Amino acid sequence: MRRSSSPLRRLPQVLLVVAASAAAVASPGGAAATLWPNVPEQIARALTSGDALERRLAATRVGELAPETAIRLIQRGMSDPDVEVRLHLAGAAVRLRMPRAGDLVIEWLGEGDARLRLAACDVIRAAPTDRSVVALGRVLGDPDPHVRLAAAAAMGAAGLPDAVSPLLGHLDDTAPEVRAEVARALGRIGDARAVVPLIGKVQDSVPEVRKATARALGELGDQRAVSALLLALQDASQDVRVEAVTALGRLRSDDATSAIADLVTASPGAAGAFPGARPSDSATSSNDVREAALRALGRIGSDAAVKALLAALAKDNPAAPRSAVRDALVSAGAAAVPALVAALAAAPSANTAAGAALVLGELKAREALPALARGMQRGVVPLRHGLRALGALGDPAALPGVLELLGDGDPAVRAEAIRAATALLDPARPDGRAVDPARALLVDPATAPDEKLALVQLLGRTGSPRAQAALLPLAKARSTPLRLAVIEALGAARAAGQLGAAVDAALLAALDDESADVRLRAAIALSRVAGPGSARPLLQRLTVAAEQDRGALGIALSGALSRADDAGGAADAKAARDASGKGLVHEVAAAIASAPDAARDALIEGLGRMPGQAAGAALARMASAAPIDDRRKIAEALAGHPEAAAALRKLAGDPDPGVRANAIWSLGAAGDKDALPLLLPLLKDPDAAVAGNAAGAIGRAAGRLGQPARAAAALCAALPDARPYVRANALAALTVAGARCDGDAARDLLARDPAEAVRLAAADHLARSGADDDRRALARCAAEDRNAAVAGRCARAAPPRAPAAGAEDVVVFIVPFDAGRGGSVRDAPAPRAPFALVRADGLLRLGVADRRGEIFERGAPRGPIRLTVPAPLVK
């Protein structure tokens, strides 16, 4: 199954084509198992049977029931005399994250059967209470080391300060795995009382204990541990060295910089290759130690640490896409900029100069532009790497220097110059400086075909009318790749007057091309730039010409209508109206009544994107008597019409969950102050897509209306919901609304929630906080989470930056990935496919695609967007 890593092909500006799992496009109602209405009653009756075997079989099925019913049965059955029944129910309680389940198993901690004592520890770890965590203290002396280990792990996961004293009393447990878990638990709790006792365990006889101790000391963040951690840098185990140097980085101790720098200068690959190191018995390589040392220096970020990192650039490969040295300097942030600029002004090696330039670019250090330019002019900074840095810098002031190198004799330099110039341009801010040099190269017969394609893209990025005039003659080029590139470039920015009309005409002509790729690219371009006068011709072609590519026409018409008023944008509005005095809205609405299914969704979407109250009123009128598919699309389209919020509120109570899901999501964008009271109870809707969208809509509406407190009350109550996407969206919505729950709910979800989506949302939420407890939780997640995506998100978590300016309308087609056909992607989108769309702000939009296999997201925040597993398939 293709999960959240599904590859995306972002087509120009507003269209995404996304490959999803073939299982993900099953009918919405058939994705999840269904129980007969009498099954819960049968299971409840069987749990009271006098036959232990019957009770055991029933206990194995409790997890299939609705959470409310399952929790009620678990509470009754936890005192069952049969051990197997209790064990099955304990497993169900853990999977359901049953609230306060820890209190139900306290008595199990004294049972003679070790399996029950282990199960009790697992339940308390999943659903701790203060009383149950304190009760674990006596289990730390259990004769079974597995029970002792489970108890220590549960106490650490709970993070209760009352657990510190019992844990400290078992730092010398006879079982090394228990000693290691006790150290990890003390690090998780974060109580300063553990520092001195843990320092004494840095020289434990077992490497795993020393490793856990070093990590715990780093989590505790106490400077008293520096000397002990410096000693651990010479440990026989390289695993321990990695943890020790990582801990020193977390402590940000400049006193450790010299010792850490010695690890960086050691020769990678040689065991024990630094002063004082003992022979290694670890599978971890010395290069792992070196990379950990680089990361630590980046976190310390002092002058001495930056100097050591600059020295390491001399042996670094600037051609590599990523570099541990450069990443460390980037993590040092603004503190590294003066030293990097000074290095460029001196006489550095080519590697050092190239690396310094690339870091400055990645840091967006615009103040370094003069130093970068002088370094390139002096020949100190290699041109390829300097251009790459200038492109990353993002300062339009760098453009003249980049354009000078478009005609360089080195193809690699020319290619990098084209890329850099393209990156420095924004079609929304027309800039004609690149037009003449780019056009000269484009018409030069000696220019290679791949360079011509890049130059066409560059010309499109200028947003200049002169560039579009230069591109128009190429719209019918024989080369299909060139024609596609030109069409995409023409759709980058809207031209005015006669030139705009000529661009529209060329793109409209391309809609008749034999190539489906050309038609699609032309439709996308038209959706971006078509003038309002193109709306009527597109409408006529969509509704009357059966041989036309209706999919492409629908994409183009939807965008054109977004820029058309009720008169169709004509200069003479009166002449543009039909005989009855009705305008374009009337024409589109009338066309919907008789249009085939292939066109209806495009027309409804177009009305939704069309400005003005007339379009919203037309959609509201249609909603009352429309069939289900139309109601779904109308509910989606009304996101663009706040004046029709009353119609949305009515659709939010529709019997079809697909309609409700779309209406609720649209209320997040268009709902007024009366929307929140309607949305709050929908968090408990039995359909996961509806409830998940309600959480997202509450966060969006509360953030827009400035009512974060109202959002927090409802969203915090939704965090224990049994459905993963409801929990995930509740967290993401709290982030969007600028709200926070009391206590450590988000940290608990990051540490214990089984769902990847929830832990990702928790990581994003905690990154907004500067609290020490939240930073420790993120660091622990980065080191321990077994999911690479979650661990990476925790490692990269940073304080919030200003969001990318503006928003964009996004069209997504659900194209199924068919594992049964050798992993191939099918040729067409899947109608009515369930989907889960992850936006750049972390919110999940859930629901069912339209009859074309498409969803339309109005005003999506700029940034990456992807599909993940639909709600019916998530457990």
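**Exercise 1. The faces of strand S5**

Which residues point one way from S5 and which the other way, and are they buried or exposed?

*Solution.* The model is a predicted one, in which local features need pLDDT of at least 70 and side-chain atom pairs count only at pLDDT 80 or more, while totals for chains, interfaces and linings use all residues. Residues are numbered from 1 along each chain as its sequence is written, and side-chain values use heavy atoms, with hydrogens and water left out.

Step 1. Helices (H or I, at least four residues) and strands (E, at least two) are DSSP runs, numbered from the N terminus. Buried means under 20% relative accessible area, exposed over 50%, and partly exposed in between (1.4 Å probe, protein chains only).

Step 2. Pro834, Ala836 and Val838 point one way from S5, whereas Phe835 and Leu837 point the other way. All are buried.

Step 3. Strand S5 (residues 834–838) is largely enclosed by the rest of the structure, because 5 of its 5 residues are buried.

**Exercise 2. The sheet around S5**

Determine the strand order of the sheet that contains S5, and describe its pairings.

*Solution.* Step 1. Two strands pair if DSSP finds at least two bridges between them. S5 runs antiparallel to strand S6 (residues 844–848), with 5 bridges joining the two. Pro834 has Val848 as its bridge partner in S6.

Step 2. The S5–S6 hairpin has 5 residues between the strands, and Gly842 takes a positive phi near 90 degrees there.

Step 3. With strand S8 (residues 866–868), S5 forms 3 bridges, again in the antiparallel sense. Ala836 stands opposite Thr868, and Leu837 has Leu867 as its bridge partner.

Step 4. The result is an open sheet of 3 strands in the order S6-S5-S8, with antiparallel pairing. S6 and S8 stand at the edges with a single partner strand each, so one side of each is left without a neighbour in the sheet. On average, neighbouring strands of this sheet are turned by 35 degrees against each other, direction ignored.

**Exercise 3. The packing of H19 and H21**

Describe how helices H19 and H21 are arranged, and identify what covers the buried residues of H21.

*Solution.* Step 1. Axes are lines fitted to C-alpha atoms, for helices over the stretch in contact, and angles run from 0 to 180 degrees between N-to-C directions. The axes of helix H19 (residues 350–362) and helix H21 (residues 383–393) come within 7 Å and cross at roughly 10 degrees. H19 is therefore roughly parallel to H21, given that angles under 35 degrees count as roughly parallel, over 145 as roughly antiparallel, 65 to 115 as roughly perpendicular and the rest as oblique.

Step 2. Contact means heavy atoms within 4.5 Å. On the H19 side, Ala354, Ala357, Leu358, Leu360, Gly361 and Glu362 meet His385, Arg388, Ala389, Ala392 and Leu393 of H21.

Step 3. The buried residues of H21 are His385, Gly386, Leu387, Ala389, Leu390, Gly391 and Leu393. Their cover includes H19, helix H20 (369–377), helix H22 (399–403) and helix H23 (411–424). Just after H21, Gly394 takes a positive phi of about 75 degrees.

**Exercise 4. The surroundings of Glu636**

Is Glu636 buried or exposed, and which residues does Glu636 touch?

*Solution.* Step 1. Glu636 lies in helix H36 (residues 628–637) and is buried, with a relative accessible area of 6%.

Step 2. A polar contact is a pair of N or O atoms within 3.5 Å; within protein, one must be able to donate a hydrogen and the other to accept it, and residues adjacent in sequence count only if both atoms are side-chain atoms. The side chains of Glu636 and Lys633 make such a contact (2.6 Å).

Step 3. Not counting residues up to four places away in sequence, Glu636 touches Glu605, Asn662, Ser666, Arg845, Ile855 and Phe856.

**Exercise 5. Confidence**

Where is confidence lowest and where is it highest?

*Solution.* Step 1. pLDDT is the predictor's confidence in each residue, from 0 to 100. The chain averages 88, and 89% of the residues score at least 70.

Step 2. Confidence is lowest in strand S1 (residues 8–10), at a mean of 38, and highest in helix H10 (residues 195–199), at 97.

Step 3. Residues 1–33 stay under a pLDDT of 50, and the model has 90 contacts beyond four places in sequence for them. Where pLDDT is low, the predicted coordinates should not be read in detail.
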